[in-house]
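The following note is offered to a colleague beginning to read protein structures. Please keep the sequence and the model in view while working through the numbered points.

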Amino acid sequence: MLENAHLHFKIYKPFGMLSQLHSNDARESRNKRFLGELYNFPDGIMPIGRLDEKSEGLLLLTTDGKLSDLVNRSGVEKEYYVQLDGEITNEAIELLQNGVEIGFHGKKYITKSTLVQRLSALPALPEPNNKLRIGRHRPTSWISITITEGKFRQVRKMTAAVGFPTLRLIRMRIGDVRLKELSPGKVTPIKELSF
């Protein structure tokens, strides 16, 4: 007898949406947006990891709980494009690469070394949400940052720790799965998902 095949999806999670399908909290259900409004997902679907409400980009969903757990625990690379408040310096990039101290659950935590690159050409991305106050008072810069861990709001905490707060955060890649041409709110079924 064949085991039931698991179902997988990749989505572009829009800005302002929570990384969960719905909420059992009536007030939250009225005031927040959830993944369930994007697509008629099958029973048993779950997000692999999370993106906070103000972040956007690639989010994977699966019915395979073991796969979800594997990705969250195994150090799979996750690449983000980050728009920063101010023109980031070479010193700040070096600090990010070597690991910086952030707060996590009330304790100090040193992030693992990571790959950080300044993006000289602006990436072709959807327009930012108008709630983001970008470039109103000073110049901004873009970096690509690839991490293998995923502490709560880690990238935002890292860039703030070196003096360049995150204005816009877009996850572009998880392992070999890329955001590519997806636009905000779009959902694509994936045949296979392996890490």
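1. Salt bridges. The model, which is predicted, contains ten salt bridges. One of them joins Glu37 to Arg33, with 2.8 Å between the closest N and O atoms. Glu37 is partly exposed, at a relative accessibility of 49%. Arg33 is likewise partly exposed, its value being 35%.

2. A bridge between distant parts of the chain. Which residue does Arg153 meet in a salt bridge? The partner is Asp52, at an N to O distance of 3.5 Å. Arg153 belongs to the loop between strand S10 (140–147) and helix H4 (154–161), whereas Asp52 belongs to the loop between S4 and S5, so that 101 residues separate the two in sequence. The limit for a buried residue is 20% relative accessible area, and a residue must lie under it. Asp52 has a relative accessibility of 17% and therefore counts as buried, while Arg153, at 35%, counts as partly exposed.

3. A second long-range bridge. Glu77 and Arg173 also form a salt bridge, and their closest N and O atoms are 2.9 Å apart. Glu77 is in the loop between H2 and S6, and Arg173 is in strand S11, 96 residues away. Glu77 is partly exposed, with a relative accessibility of 38%. Arg173 is buried, with a relative accessible area of 10%. In addition, Asp52, Arg153 and Arg156 are joined into one network by salt bridges that share partners.

4. The two sides of helix H2. Helix H2 covers residues 65–73, and its buried residues are Leu67, Ser68 and Val71. Why can these residues be said to line one face of the helix? Viewed down the axis of H2, they fall within an arc of 100°, and therefore they line one face. In general, an α-helix has 3.6 residues a turn, so residues three or four places apart point the same way. The face turned away from the buried side of H2 carries the exposed residues Lys66 and Arg73.

5. The surroundings and ends of H2. The buried residues of H2 are covered by parts that include strand S1 (8–13), strand S4 (46–48), strand S5 (56–62), strand S6 (78–85) and strand S11 (166–174). At the N-terminal end, Asp64 acts as a cap: one of its side-chain oxygens lies 3.1 Å from the backbone nitrogen of Lys66. Gly75 follows the helix and has a positive phi, near 75°.

6. Aromatic pairs. The structure has four aromatic pairs. In the pair of Phe9 and Phe41, the ring centres are 5.3 Å apart and the planes stand at 85°, so the arrangement is edge-to-face. Phe9 is in strand S1 and Phe41 is in the loop between strand S3 (33–34) and S4, so the pair ties together parts 32 residues apart in sequence. Phe9 counts as buried, at 5% relative accessibility, and Phe41 counts as buried at 10%. Ring pairs link Phe9, Tyr39 and Phe41 into a cluster.

7. A buried loop residue. Is Thr114 buried or exposed? With a relative accessible area of 12%, Thr114 is buried. Thr114 is located in the loop between strand S8 (107–110) and strand S9 (115–118). If residues up to four places away in sequence are left aside, Thr114 touches Leu96, Gln97, Ile145, Thr146, Ile147 and Met158.

Technical notes: Residues numbered from 1 in each chain as written. Predicted model: local features only at pLDDT ≥ 70, side-chain atom pairs only at ≥ 80, totals over all residues. Heavy atoms only, no water. Buried < 20%, exposed > 50% of the residue type's maximum accessible area, 1.4 Å probe, protein only. Helix = DSSP H or I, 4+ residues; strand = E, 2+ residues; numbered from the N terminus. Arc of directions from axis to C-beta. Contact = heavy atoms within 4.5 Å. Polar contact = N/O pair within 3.5 Å; in protein donor to acceptor, adjacent residues only side chain to side chain. Phe/Tyr/Trp six-rings, centres within 6.5 Å; stacked < 30°, edge-to-face > 60°. Salt bridge = Lys/Arg side-chain N within 4 Å of Asp/Glu carboxyl O.
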